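Let's take a walk through this model together, stopping at a couple of spots along the way. Have the viewer ready.

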Amino acid sequence: MRNIYKLSCALMFSCLSAYAQQDSAIVAKGERLLNLGYGVTVKAKESSAAISEVTGEEIMKSAATNPLNALYGKGLGLTVLQNGGTVWESVPTTMIRGLNSTRDNSILVLIDGFERDLSMITKEEIESVQILKDAAATALYGLRGANGVMLVTTKTGSKKKIDVSVNYEHHFNMLNRLPKFADGYTYALAMNEAMKNDGLSPMYDQTQLDGIKNNDPHYGNVNWMDEVLSKSGSTDNVFVTLSGGGKIVRYFSSVDYLSYKGFIKPENIVDEYSSQLKYSKLSIRTNVDVDLTKSTLLSFKMSGMLSEHNRPNPLTGDLMSMLYNTPAAAFPVKTPYGDWGGSNVWTRNPVAEVAAKGYARSHQRLLFADMAIRQDLGMFLKGLSVDARIAYDNFCEYWDNYGMNYAYAVPNVSNPSSSEDYTLKGESTAASFSSSLGNQWSRFNLWGRVNYANTWDDHKLNVTLAASREQTILNGQHNTRNRINMLGHVHYNTSVNFYRKIKS
């Protein structure tokens, strides 16, 4: 167990501002509030901190299903790098103002004030994203904010009639820039030429060359890319939002269902199961604000996610390298006698690896829940208020594995003509089922704040004292972490207006 105590104080004075006339657009932009975290907000015109904002409307314009990918090119100073992998692994690398370290450049992401994974929610839930880039903006977070901070605010209800929105998106996913390999006959000729240049005997005799050229099923002339990968995949996304409220209660709810089908082609060779790359996710969010009294606000936010993905067994991480390394003339997909093709050199049949080794399936469960209460103490001292928040997050992942092995036929002679000319290698085994706990963690947060904000003449003062405690429990022994933060924040602003007298 580890306790970390941190005290950070920031005293920020805005520069004196002089202006002779006001532009309405600039004023409107300057009046918007910037969120510094821990409930601290300042007007844009009163802060010199480097903060950029991306609205939920801008994020919704992106076709990306992951909110992090939807931020690509939208936040000043924010770099989003798409990584390779399947759709459930497509979490990009994010940096603020480039590489700050040779080791860890991960930024601190806070959703509704708590450290959470942005890829675990949907873009429909997001009201705004604010990116804090410099020391003045990240002073409240100390070393945790050294690489920058991303503050995400989810949507809430408003005092209006019920607003229902239903949307459906269909995406066509295409494979781009796939390499074109030589066919089996070209490969065989090239290998014979290479062997000759080294003073060795040809690898393929004339009978084999003719068989490969004429697509004789005893010989290989296989386009492995076409045999394993389909031309396109698809994504369907349906989301429904419901918001509204009255004088006392305001609410926002959303339901999002995502279904993805990948690029694996031979999914129906084995009838008992599918080895297709599939991913489905159901996300539900409910945010409720209740005015208990004129001075007391209670907020409750909960987000849940259920997901499942399916893939060939074992991992598909080396699928592309296997397709690259298996030449077209290596062997046929199957021999004329119904056995998987193979050889003593290339022992893995790409189609059989995808379709005849079973499947693996992952189930993920996620819960984000937090509650906050805010009490205005203006009856005792104008501008004084207190806040308290509590949050509980939980994540778990379970794996089901349905695995088997296959036998493959290797020709005994250079020109096979019957089943007796092949030898079966490997072993065809019955399917075996196993399940395991892949990952599990829970996080508990508790924090409180006392805030004083007041304005007189051209002066503004905001003082915040806050304390928080975070406990994270990871799967396994001795994996509990505790963090206790204490902070003080003082923001003082004064402005002097200069007017120029114009002689008539």
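Does Tyr257 count as buried or partly exposed, and at what relative accessibility? Keep in mind that this is a predicted model. Tyr257 sits in strand β13, and it comes out as partly exposed because its relative accessibility is 41%, while buried would mean under 20%.

Now zoom out a bit from that side chain. Tyr257 belongs to a nonpolar patch on the surface, along with Ile162, Val164, Val166, Tyr168, Val238, Val240, Leu242, Val255, Leu282, Ile284 and Leu306. Together these residues have about 1,000 Å² of accessible area. As for where they come from, the elements giving two or more residues to the patch are β11 (163–174), β12 (232–245), β13 (249–261) and β14 (278–293).

Stay on β13 for a moment, since Lys261 is found in that strand too. With a relative accessibility of 39%, Lys261 counts as partly exposed. Its C-alpha atom is 5.4 Å from that of Ser234, although the two residues are 27 apart along the chain.

Next, hop over to helix α6, which covers residues 206–213. Gln208, Leu209, Gly211 and Ile212 are buried there. Look down the helix axis and those buried residues fall within an arc of 165°, so they line one face of α6. Part of what covers them is α5 (184–197).

The ends of α6 are worth a look as well. At the N-terminal end, Asp205 acts as the cap, with a side-chain oxygen 3.2 Å from the backbone nitrogen of Thr207. After the helix comes Asn215, with a positive phi near 60°.

Conventions: Residues are numbered from 1 along each chain as its sequence is written. This is a predicted model: local features need pLDDT of at least 70, side-chain atom pairs count only at pLDDT 80 or more; totals for chains, interfaces and linings use all residues. Side-chain values use heavy atoms; hydrogens and water are left out. Patches are made of residues with over 30% relative accessible area and no salt bridge: like charges are joined within 9 Å, nonpolar side chains (Val, Leu, Ile, Met, Phe, Trp, Tyr) within 5 Å. Accessible areas come from the Shrake-Rupley method with a 1.4 Å probe; for residues, only the protein chains shown count as cover. A salt bridge is a side-chain nitrogen of Lys or Arg within 4 Å of a carboxyl oxygen of Asp or Glu. Helices (H or I, at least four residues) and strands (E, at least two) are DSSP runs, numbered from the N terminus. Buried means under 20% relative accessible area, exposed over 50%, partly exposed in between (1.4 Å probe, protein chains only). The arc is that of the directions from the helix axis to the C-beta atoms. Contact means heavy atoms within 4.5 Å. A polar contact is a pair of N or O atoms within 3.5 Å; within protein, one must be able to donate a hydrogen and the other to accept it, and residues adjacent in sequence count only if both atoms are side-chain atoms.
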